[in-house]
Amino acid sequence: MSDEALAAVKARLKAYDGPRMRIMEVCGSHTAAIVKNGIPGLLSKQIELVAGPGCPVCVTPTDYIDRLIALSQEENTCVVTFGDLLRVPGSAGTLMQAKNAGGRAEMVYSPFDILAMAQAEPATTFIFAAVGFETTAPVYALLLDQIVEAHIENIRFLTALKTMPPVIDALCAGGADVQGLIAPGHVAVVIGSDAFKPLAEAYQLPFGVAGFSGMHLLYAIDGIVRARGRGTVMNFYPEAVTPTGNVKAQDLVAKYFEPGDALWRGIGVIPGSGLFLKPAVQCFDMGSQALQHDHPMNAACRCGEVLRGAIAPQDCPLFKTACTPLHPQGACMVSAEGNCLSVYNQN
Amino acid sequence: MCVALPGTVISCDGDSAVVDFSGNRVRAKTGLVDVAPGDKVLVHAGCVLQKMREEEAVELERLFKELGDVG
């Protein structure tokens with residue numbers, strides 16, 4: 001697109017004086033990119049962006065963290081995880097605190113790092129904390145493929161995998177005050193932009209699939225505003241997203257995982273919104289299905305409403321008082337993609 | 001957490017490839033996408049997630065024209 005086209009988009013977004021548009025993004029990377037690029041300041045007061053449940057770490061219930069902590073403290077085990085999970089509070093402390101107290105937890109950037117760890121220490125059971133959305137599920141499926149093929153016996157998974165269309169459906173069915181959605185770009189890379197069509201049509205809402213630059217986001221927001229009231233899916237990230245997505249990745253996920261009901265922290269159980277290891281590969285699971293309780297550390301924590309886009313982080317009484325990045329009361333203040341931490345850093 | 005970065009495939013070797021990110025070279029698994037040297041790819045969690053396509057500009061122009069027609 002030309003500079004002129006971008007200038008026209010910016011001018012239109014600033015001058016918009018039509019009906020109020022509340023647009024939800026459901027991807028933590030979008031939330032972070034919106035803050036980093038100062039997007040809200042470029043919009044008319046009639047356009048409001050609201051963050052939804054787009055941070056997988058933030059929607060992981062305390063039961064899951066508690067189970068990871070317990071596993072890290074067992075004999076001859078090691079929990080392997082992405083960094084964010086180390087600091088998320090469970091019902092009694094964090095994985096980092098457990099590690100400092102003698103538990104074993106290692107941080108990695110790629111799940112495949114667990115292969116070398118497992119081969120170096122055959123007497124230790126390595127448990128990957130498999131958290132994520134549709135973007136990450138194929139990576140775990142590929143890892144599992146390699147584990148099965150190589151007959152590696154000392155790797156297990158504790159899964160908290162969730163899928164986007166069911167949670168968007170639940171929010172819309174629950175009457176969320178939104179007039180459009182920025183669809184998660186890298187989830188769409190895997191599942192395809194067509195996956196959002198049934199939702200767009202059912203709720204007569206425009207969905208704009210967006211990339212992660214400021215320009216990507218401005219184009220998507222402009223498109224959503226212009227398509228107000230229409231049940232349509234627009235792909236503003238065509239360099240990476242196709243209508244049908246990465247079919248090879250989808251097939252690999254379907255080989256090892258099946259949908260099931262999943263608990264979203266602060267939201268509740270959403271039917272069919274989780275991915276769990278299939279019966280044939282249950283031997284690799286460390287009890288993921290049983291983790292169905294959430295115990296907020298602080299009763300006043302309003303993470304659930306923040307995650308549903310019902311309130312802004314500033315509306316929570318704990319925000320910036322009892323809840324800060326150094327002393328988070330809820331997961332939204334921990335993850336780099338959490339709604340509360342994003343707003344905290346912005347201010 | 002769904003962060004994925006665009007890079008260019010430098011070489012392929014079995015089930016992985018070396019991908020260049022502005023001079024920083026990283027090995028990534030290729031089991032989800034068939035790639036060849038020179039391909040622009042998106043990498044997520046040590047794994048190539050998708051090949052990037054070149055025709056995006058044309059598609060965006062088309063989408064904007066459609067929106068102009070209705071909006």
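Student: In the hairpin of β2(B) and β3(B), which residue takes a positive phi, and how many residues lie between the strands?

Tutor: B:Ser22 takes the positive phi, near 50°, and two residues lie between the two strands of the hairpin. This is a predicted model.

Student: What makes β2 and β3 of chain B a pair of strands?

Tutor: Two strands pair if there are at least two bridges between them. Six bridges join β2 (residues 16-21) to β3 (residues 24-29) of chain B, so the two strands pair. They run antiparallel. In one of these bridges, B:Val18 has B:Arg27 of β3(B) as its partner.

Student: Which elements make up the rest of chain B?

Tutor: Chain B has one helix and five strands in total. Read from the N terminus, the order is β-β-β-β-β-α. Of its 71 residues, 34% count as buried.

Student: How many residues does each chain put into the contact between chains A and B?

Tutor: Chain B gives 25 residues and chain A gives 38. On the side of chain B, β4 (40-44), β5 (47-51) and α1 (56-70) are the elements that each give two or more residues. The largest share, seven residues, comes from α1(B).

Student: What classes of residue does that side of chain B have?

Tutor: It has 16 nonpolar, five polar and four charged residues.

Student: Turning to chain A, why is A:Gly41 called exposed?

Tutor: A residue is exposed if 12 or fewer other C-beta atoms lie within 10 Å of its own. A:Gly41 has 7, so A:Gly41 counts as exposed. Its place is the loop between α2 (28-36) and β2 (47-51) of chain A. A:Lys14, 27 residues away in sequence, is 8.8 Å from A:Gly41, C-alpha to C-alpha.

Student: Is the helix before that loop, α2(A), mostly covered or mostly open, and how do you know?

Tutor: Mostly covered: eight of the nine residues of α2(A) are buried. For each of these, 20 or more other C-beta atoms must lie within 10 Å of its own. The buried residues are A:Gly28, A:Ser29, A:His30, A:Thr31, A:Ala32, A:Ala33, A:Ile34 and A:Val35. Their cover includes β1 (21-25), β2, β7 (180-183), α10 (214-226) and α13 of chain A. Just after α2(A), A:Gly38 takes a positive phi of about 60°.

Student: How are the directions of α2(A) and α13(A) related, and what makes you say so?

Tutor: The axes of α2(A) and α13 (residues 339-346) of chain A come within 10 Å and cross at roughly 10°. Angles under 35 degrees count as roughly parallel, so α2(A) is roughly parallel to α13(A).

Student: Which residues make this contact?

Tutor: From α2(A) come A:Thr31, A:Ala32 and A:Val35, and from α13(A) come A:Asn339, A:Ser342, A:Asn345 and A:Gln346. Two of the contact residues are nonpolar, five are polar and none is charged.

Student: Which residues touch the most other members of the largest nonpolar core?

Tutor: They are A:Ile23, A:Leu181 and A:Val209, in a core of 138 residues. Helix α6 (residues 137-149) of chain A gives the most to the core, eight residues. Leaving out residues up to four places away in sequence, A:Leu181 touches A:Ile23, A:Met24, A:Val26, A:Ile168, A:Leu205 and A:Phe207.

Student: What is the strand order in the open sheet of six strands in chain A?

Tutor: The order is β4-β3-β5-β6-β11-β10, with mixed pairing.

Student: Why are β4 and β10 of chain A called edge strands?

Tutor: Each of β4 (105-107) and β10 (257-264) of chain A pairs on one side only. Direction ignored, neighbouring strands of the sheet are turned by 25° against each other on average.

Student: How do you know that β5(A) and β6(A) pair?

Tutor: At least two bridges are needed, and seven join β5 (residues 125-132) to β6 (residues 155-162) of chain A. The two strands run parallel. A:Ala130 has A:Thr159 of β6(A) as its bridge partner.

Student: Which strands does α6(A) lie across?

Tutor: Helix α6(A) lies across β5, β6, β10 and β11 (268-277) of chain A, at about 160° to β6(A). Angles over 145 degrees count as roughly antiparallel, so α6(A) is roughly antiparallel to β6(A). Helix α7 (residues 164-173) of chain A also packs on the sheet, where it touches β6, β10 and β11, and its direction makes about 175° with that of β11(A).

Methods. Residues numbered from 1 in each chain as written. Chains lettered and ligands numbered in written order. Predicted model: local features only at pLDDT ≥ 70, side-chain atom pairs only at ≥ 80, totals over all residues. Contact = placed C-beta atoms within 7 Å. Helix = DSSP H or I, 4+ residues; strand = E, 2+ residues; numbered from the N terminus. Nonpolar A, V, L, I, M, F, W, Y, C, P; charged D, E, K, R; others polar. Axes fitted to C-alpha atoms, helices over the stretch in contact; angles between N-to-C directions. Parallel < 35°, antiparallel > 145°, perpendicular 65-115°, else oblique. Core = buried A, V, L, I, M, F, W, Y, C linked by C-beta atoms within 7 Å.
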